[in-house]
Amino acid sequence: MEKICIAIDGPAGAGKSTIAKIVADRLGYKYLDTGAMYRAVCWAARSHNISYTDEPGLENIVKQLQLKLDYSAGVTEVFIDSRNITSEIRSLDISNAVPVVAQSASVRRALVALQQRLSSSGGVVMDGRDIGTVVLPNAELKIFLTATVDERAERRWLELHNSGVTIELAELKKNIEDRDFIDSNRAISPLSKAIDAIEIDTTSMSIAEVSDKICSLCEAVC
């Protein structure tokens, strides 16, 4: 069976990363966590006291970034200069910084180029917000995952709660609404559904149901 590129886009909390990992494992594909890349840039900027809106500073950071992603058994580990920062980039502070840093032209240019190189041989599942429209416009299968804001906030709350982070559900809902607005209205590569993408509303679907559907779609394409 031919190995293709699968692009999965959608707003925060729609289940992109969870589903992408499962699909990649079932198909024997590589999984590329683009969100972790942007989180790593945020972490590096914070570590060097660079403002998230400092374009020249971010450009300098991303040029020097020694970034490595190691995906195995459903887990993506992120390294900068051999330091494992996997847990550190999942903090609420970094989550809130991502949509700001993602508006940086130099950061997007560098990371998109890297993502395209890593997927050039196919057999890749990649998730993000502009994968089907910008990063992999020629992907053989494009998926756009959605879910209601309430559902996405509850998912994020549960994830943080299980990690020992306490936060009000209402605050998370507001954070997600704000991020949706920023992601959809940014000047560079805004969140949008590719014309040829298949939309899947995950609100009332289980993880297994969504992953089964995408794997079936992949089989039909291949």
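## A loop serine with positive phi

Serine 189 lies in the loop between helix H8 (169–185) and strand S8 (198–201). In this predicted model, serine 189 has a positive phi of about 45 degrees although the residue is not a glycine. Its relative accessible area is 16%, and because buried means under 20%, serine 189 counts as buried.

## The open sheet S3-S4-S5

Three strands make up an open sheet, in which the order is S3-S4-S5 and the pairing is antiparallel. Strand S3 (67–72) and strand S5 (83–84) each have a single partner strand and stand at the edges, so one side of each is left without a neighbour in the sheet.

Strand S4, which covers residues 75–80, runs antiparallel to S3 and is joined to S3 by six bridges. Within this pairing, leucine 69 has valine 78 of S4 as its bridge partner, while serine 72 is bridged to valine 75, also in S4. The pairing of S4 with S5 is likewise antiparallel and extends over two bridges; here isoleucine 80 has arginine 83 of S5 as its bridge partner. In a regular strand, side chains alternate between the two faces of the sheet.

## The two hairpins

The hairpin of S3 and S4 has two residues between the strands, and in this hairpin alanine 73 takes a positive phi near 50 degrees. The hairpin of S4 and S5 also has two residues between the strands, and there aspartate 81 takes a positive phi near 50 degrees.

Aspartate 81, which lies in the loop between S4 and S5, thus has a positive phi in a residue other than glycine. Its relative accessibility is 54%, and since exposed means over 50%, aspartate 81 counts as exposed. The two positive-phi loop residues aspartate 81 and serine 189 therefore fall in separate classes of accessibility, with aspartate 81 exposed and serine 189 buried.

## Helix H2 and arginine 39

Helix H2, made up of residues 34–47, lies across S3, S4 and S5 and runs at about 35 degrees to S4. Arginine 39 is found in this helix, and with a relative accessibility of 10% arginine 39 counts as buried.

When residues up to four places away in sequence are not counted, arginine 39 touches Ile89, Arg90, Ser91, Ile94, Ser95 and Val98. With one of these residues, serine 95, the contact includes a polar one, in which the side chains of arginine 39 and serine 95 are joined at 3.0 Å. Arginine 39 and alanine 97 are 58 residues apart in sequence, yet their C-alpha atoms are 8.0 Å apart in space.

## Lysine 16 in helix H1

Lysine 16 has its place in helix H1, which covers residues 16–27. Lysine 16 is buried yet has no salt bridge, and the nearest side chain of opposite charge, that of aspartate 127, is 5.3 Å away. That separation explains the absence of a salt bridge, because a salt bridge requires a side-chain nitrogen of Lys or Arg within 4 Å of a carboxyl oxygen of Asp or Glu.

Apart from its neighbours within four places in sequence, lysine 16 is in contact with Ile8, Asp9, Gly10, Pro11, Asp127, Gly128, Arg129 and Leu145. Aspartate 127 is thus among the contacts of lysine 16, even though no salt bridge is formed by this lysine.

Notes: Residues numbered from 1 in each chain as written. Predicted model: local features only at pLDDT ≥ 70, side-chain atom pairs only at ≥ 80, totals over all residues. Heavy atoms only, no water. Pairing = 2+ DSSP bridges. Helix = DSSP H or I, 4+ residues; strand = E, 2+ residues; numbered from the N terminus. Contact = heavy atoms within 4.5 Å. Axes fitted to C-alpha atoms, helices over the stretch in contact; angles between N-to-C directions. Buried < 20%, exposed > 50% of the residue type's maximum accessible area, 1.4 Å probe, protein only. Lys, Arg positive; Asp, Glu negative; His and termini not counted. Polar contact = N/O pair within 3.5 Å; in protein donor to acceptor, adjacent residues only side chain to side chain.
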